[in-house]
Amino acid sequence: MSSSSEALAAQTAQMQVSDKQPVHYDEAHGNDESGDGSAAKPYKTAVAAMLKHGTDVALLQKKSGEDAYEPISGSGLKKAKKLYDVAIKKQKKAEEQAALDKERQASEQKKLEESKKVVIEPPSDAPEAKRIKIRQAEESRDVRVKVSGWVHRLRVQKDLIFLVLRDGTGYLQCVLQGKLTQTYDALTLTLESTVELYGVIKALPEGKKAPGNHELVVDYWKCIGKAPGGEDAFSNRISENADPSILADNRHLVLRGETASAVLKVRAAALEAFRAEFKSLGLTEVNTPCLVQTQVEGGSTLFSLDYYGEKAYLTQSSQLYLETCLPALGDVFCVQESFRAEKSHTRRHLSEFTHIEAELAFLNFDELMTHIEQLICGTVDRLLANQAVRELIEQLNPGFTAPKRPFMRMNYKDAIQYLNDHNILTDEGKPHQVGDDIAEAAERKMTDQLNVPILLHSFPREIKSFYMQRVVGDEQFTESVDVLMPGVGEIVGGSMRMNNREDLLEAYKHEGIDPSPYYWYTDQRLYGTCEHGGYGLGFERLLAWLTNRWTVREASLYPRWTGRCTP
Ligand code: 4AD
């Protein structure tokens with residue numbers, strides 16, 4: 001700009017300043033919220049100044065890095081005006097919207113008030129309804145039924161409410177129409193509310209889809225317990241991709257989801273199948289104590305407690321008790337919670353897990369391994385033979401097939417060779433050596449590469465428990481076996497037990513265990529010893545494999561792990 005035109009601009013600005021109210025804005029230090037347009041409290045932008053004071057003002061601008069206010073330039077004013085027009089338009093629109101919202105709210109409020117007067121009654125000519133659970137829906141079509149449950153899904157249309165009802169035994173699509181949709185409860189219905197529905201279940205025509213291919217056409221209904229809406233709505237408490245700790249805190253609500261409840265249904269069926277398989281194999285179920293004064297799997301993972309002034313522990317394994325049952329009941333099994341004060345935060349460790357353990361007398365190591373294989377395969381076969389359970393497994397683990405028999409049997413020493421041949425290193429990044437405890441990561445890698453169940457056997461004495469029978473002729477190794485499953489790793493740990501009293505006494509000594517609290521266990525070798533063996537199966541680990549869960553935590557109702565003992 002030439003010096004004469006600069007002078008002219010300044011003159012014009014001077015005129016503007018004198019004619020109109022001066023309003024200041026400072027690009028660097030102004031504030032659109034707290035400014036008032038004075039030189040001491042300027043705005044940050046010209047558009048904010050205009051929105052507060054109108055356009056008929058003298059805008060004085062302080063650019064970044066400058067000390068004095070100057071009148072806004074012509075182009076700056078044009079730009080600010082444009083932004084101002086847009087902002088005013090927006091403001092107007094928002095005001096119109098707010099008015100509309102207010103109107104709508106008022107009309108909704110009116111509708112809600114009116115809905116309180118709508119009273120519904122069962123149809124006068126309706127026959128008595130038969131109370132059913134959703135699992136009985138198919139056999140109860142075309143007669144009037146009463147079904148109660150939780151609103152699992154909800155879709156409200158004009159004069160039509162579609163909801164999916166859940167009662168734990170299944171899901172049922174239900175449709176409410178006409179006056180049934182106009183009551184106060186209908187207008188304020190929320191997910192997870194409990195309702196009682198009356199009506200007739202009708203098969204759906206071809207092409208329409210719903211659980212069970214039918215829907216309940218409701219003729220009368222009641223709301224039993226309204227779940228909150230708004231901020232406290234169920235869908236605000238948990239969502240699928242919420243933080244794991246939020247999901248853990250809300251496990252009681254997560255359980256209601258389709259996936260969590262399916263896992264628990266498979267869990268119940270698997271427990272039943274295990275018991276049936278044990279029965280067919282001739283084992284008797286016993287109930288073992290939880291409170292004990294002996295360790296089975298090493299002192300480092302014991303939870304201890306004060307027991308009437310004496311030290312006691314939560315059981316790590318029922319094995320020792322099962323061994324004492326053999327002379328009384330023959331082969332036995334138990335389903336008992338075991339507790340491990342695990343320091344490991346892995347996805348397959350729990351502090352409390354359901355332990356399925358068995359003990360068998362008068363059999364050799366080879367027979368023990370065959371029995372374990374039979375137990376797993378027989379149980380899986382039973383589950384897959386049940387259509388409802390097969391569908392749940394397919395839902396959770398698409399493409400699952402029963403494992404092929406016989407399982408691969410692999411000696412510990414061959415496993416070490418395999419790991420080294422395939423460059424699978426220890427946690428410290430070194431090649432494996434005979435004598436090493438194969439760490440979880442390496443074990444998982446090998447199992448996933450082989451991608452079949454493996455009976456990994458004959459581990460070194462030093463890395464296994466004191467009670468394990470030695471391999472004859474190779475005394476540094478034991479008749480021990482782990483079952484490894486792809487995706488999870490070890491799900492079973494078992495062994496033949498020392499049956500010679502002197503060997504056992506020497507083993508206590510080697511381990512630094514005081515033999516006196518074990519008198520009852522040692523007595524088994526005194527009063528008619530026998531060749532025997534057994535195993536423990538981590539039920540949550542088997543379920544994680546069967547239902548393809550990332551962690552065993554998903555297979556437990558209320559999982560406990562390091563630092564988590566709630567809800
Ligand atoms: O290998 P473990 O420690 O063996 C025993 O307790 C034997 N006394 C069992 C017996 O012979 N009766 O544990 C057996 C199985 C493991 O293979 C694993 O599946 C499971 O129990 N398990 C755990 N599952 C979840 N969380 C933990 N912290 C577990 N510890 C063991």
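**Exercise 1.** Are arginine 444 and glutamate 440 buried or exposed?

*Solution.* First, get to know the model: it is predicted, so local features need pLDDT of at least 70, side-chain atom pairs count only at pLDDT 80 or more, and totals for chains, interfaces and linings use all residues. Residues are numbered from 1 along each chain as its sequence is written, and side-chain values use heavy atoms, with hydrogens and water left out.

Step 1: fix the words. Buried means under 20% relative accessible area, exposed means over 50%, and partly exposed is in between (1.4 Å probe, protein chains only). The areas themselves come from the Shrake-Rupley method with a 1.4 Å probe, and for residues only the protein chains shown count as cover.

Step 2: apply them. Arginine 444 and glutamate 440 are both buried.

Step 3: find their place. Both sit in helix α13 (residues 440–450), 4 residues apart, about one turn of the helix. Helices (H or I, at least four residues) and strands (E, at least two) are DSSP runs, numbered from the N terminus.

Step 4: look at the side chains. They meet in a salt bridge, 2.8 Å from N to O. That term stands for a side-chain nitrogen of Lys or Arg within 4 Å of a carboxyl oxygen of Asp or Glu. Elsewhere, salt bridges with shared partners join Glu323, Glu359, Arg497 and Arg525 into one network.

**Exercise 2.** Work out which parts of the chain the salt bridge of lysine 20 and aspartate 56 ties together.

*Solution.* Step 1: check the contact. The side chains of lysine 20 and aspartate 56 meet at 3.4 Å, N to O.

Step 2: place both ends. Lysine 20 lies in the loop between α1 (3–19) and β1 (22–26), and aspartate 56 in the loop between α2 (46–53) and β2 (58–62), so the pair ties together parts that are 36 residues apart in sequence.

Step 3: check the cover. Lysine 20 is partly exposed at 33% relative accessible area, while aspartate 56 is exposed at 56%.

Now try another pair. Aspartate 142 forms a salt bridge with lysine 202, with the closest N and O atoms 3.5 Å apart. This one links distant parts of the chain: aspartate 142 is in the loop between β4 (130–131) and β5 (144–157), and lysine 202 is in strand β8 (residues 194–203), 60 residues apart. Aspartate 142 is exposed, with a relative accessible area of 52%, and lysine 202 counts as partly exposed at 39%.

**Exercise 3.** Describe strand β6 (residues 160–166) and its neighbours.

*Solution.* Step 1: cover. In β6, 6 of its 7 residues are buried.

Step 2: the β5 side. Strands pair if DSSP finds at least two bridges between them; here 7 bridges join β5 to β6, and the two run antiparallel. Glutamine 157 stands opposite leucine 160 in β6. The hairpin of β5 and β6 has 2 residues between the strands, and aspartate 159 takes a positive phi near 60 degrees there.

Step 3: the β7 side. β6 also pairs with strand β7 (residues 171–177) in the antiparallel sense, over 7 bridges. Arginine 166 has tyrosine 171 as its bridge partner in β7. This hairpin has 4 residues between β6 and β7, and glycine 168 in the turn has a positive phi of about 90 degrees.

**Exercise 4.** Where is alanine 388?

*Solution.* Step 1: alanine 388 is in helix α11 (residues 387–396). Step 2: its relative accessible area is 49%, so alanine 388 is partly exposed. Step 3: the C-alpha atoms of alanine 388 and lysine 265 are separated by 9.9 Å, though these residues are 123 residues apart along the chain.
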